[in-house]
Amino acid sequence: MVQANTISQLAALLKARRSALQQAYEANAAQLGYDDEDEPGCADNVASLLNSEFRELRALNHAIELQQLGMYGRCEECARPIAAARLRAIPQATLCIDCQRCADRVA
Ligand SMILES: [Zn+2]
C-alpha cells in the first residue's frame, strides 16, 4: 500500500500540475480565439492540444477528488493498490497497470 505521506506529496503534485495546466489551457483557449483567421491549420493544432489538456485536467480533478475521499492510490476497477512507482510517474492514474492495459485495448 502507498504510504500516507507519499499520497499527500502526490496530492500536492496533482494540485500544482492542475493549476499549471489550467493556466496553459486558458492561454491556449484565448489563442484559439485570435489565431484561427491568420493561420489556417494552427487553430486545429491548438484545439487538439486544448483537448488533451482538458482531458488531463479532468483526470487530475478526478484523482484529487479520490484523494479527498481517501480512495486515492487504489485501482477504481479492481480495488487493488496502484504501484507507488506508477503513481509517481502518473500521479493522476486511477487504474492499476493491468486495468489500464485493458481499458487502453477497449478504447
Ligand atoms: Zn486494477
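Read along the sequence, this chain goes α-α-α-α. That is four helices and zero strands. Keep in mind that the model is predicted.

Now burial. The chain has 107 residues, and 12% of them count as buried. On contacts, take those with a separation of 6 or more. Residues 24 or more positions apart account for 54% of them.

Next, the core. Which residues make up the largest nonpolar core? There are nine: Leu10, Leu14, Leu60, Ala63, Tyr72, Ile82, Leu87, Ala93 and Cys96. Two elements each give two or more residues to this core: helix H1, residues 4-35, and helix H2, residues 42-68. As background, nonpolar side chains in soluble globular proteins tend to be buried together.

Stay with one core member, Cys96. What does Cys96 contact, once neighbours within four places in sequence are left aside? The partners are Cys75, Cys78, Arg80 and Ile82. Ile82 is on the core list as well.

On to the loop between H2 and helix H3, where H3 covers 84-89. Two residues there deserve a look.

Start with Arg74, which sits in that loop. Is Arg74 buried, exposed or partly exposed? Arg74 has 18 other C-beta atoms within 10 Å, so it is partly exposed; buried would take 20 or more. Leaving out residues up to four places away in sequence, Arg74 touches Ala79, Pro81 and Ile82. Ile82 also turned up among the contacts of Cys96. Arg74 and Cys96 are 22 residues apart along the chain, and their C-alpha atoms are separated by 7.6 Å.

The second loop residue is Ala79. We just met Ala79 as a contact of Arg74. Its backbone is the point here. Ala79 is not a glycine, yet its phi is positive, about 65°. For context, most residues other than glycine have a negative phi. Is Ala79 buried or exposed? Ala79 counts as exposed, because it has 10 C-beta neighbours inside 10 Å and the cut-off for exposed is 12 or fewer.

Last stop, helix H2, and Phe54 within it. How many C-beta neighbours does Phe54 have inside 10 Å? The count is 14, so Phe54 is partly exposed. Where is Tyr25 relative to Phe54? The two are 29 residues apart in sequence and 7.3 Å apart in space, C-alpha to C-alpha. Tyr25 falls within the 4-35 range of H1.

To recap: four helices, zero strands, a largest nonpolar core of nine residues, and a positive phi at Ala79.

Notes
Residues numbered from 1 in each chain as written. Predicted model: local features only at pLDDT ≥ 70, side-chain atom pairs only at ≥ 80, totals over all residues. Core = buried A, V, L, I, M, F, W, Y, C linked by C-beta atoms within 7 Å. Contact = placed C-beta atoms within 7 Å.
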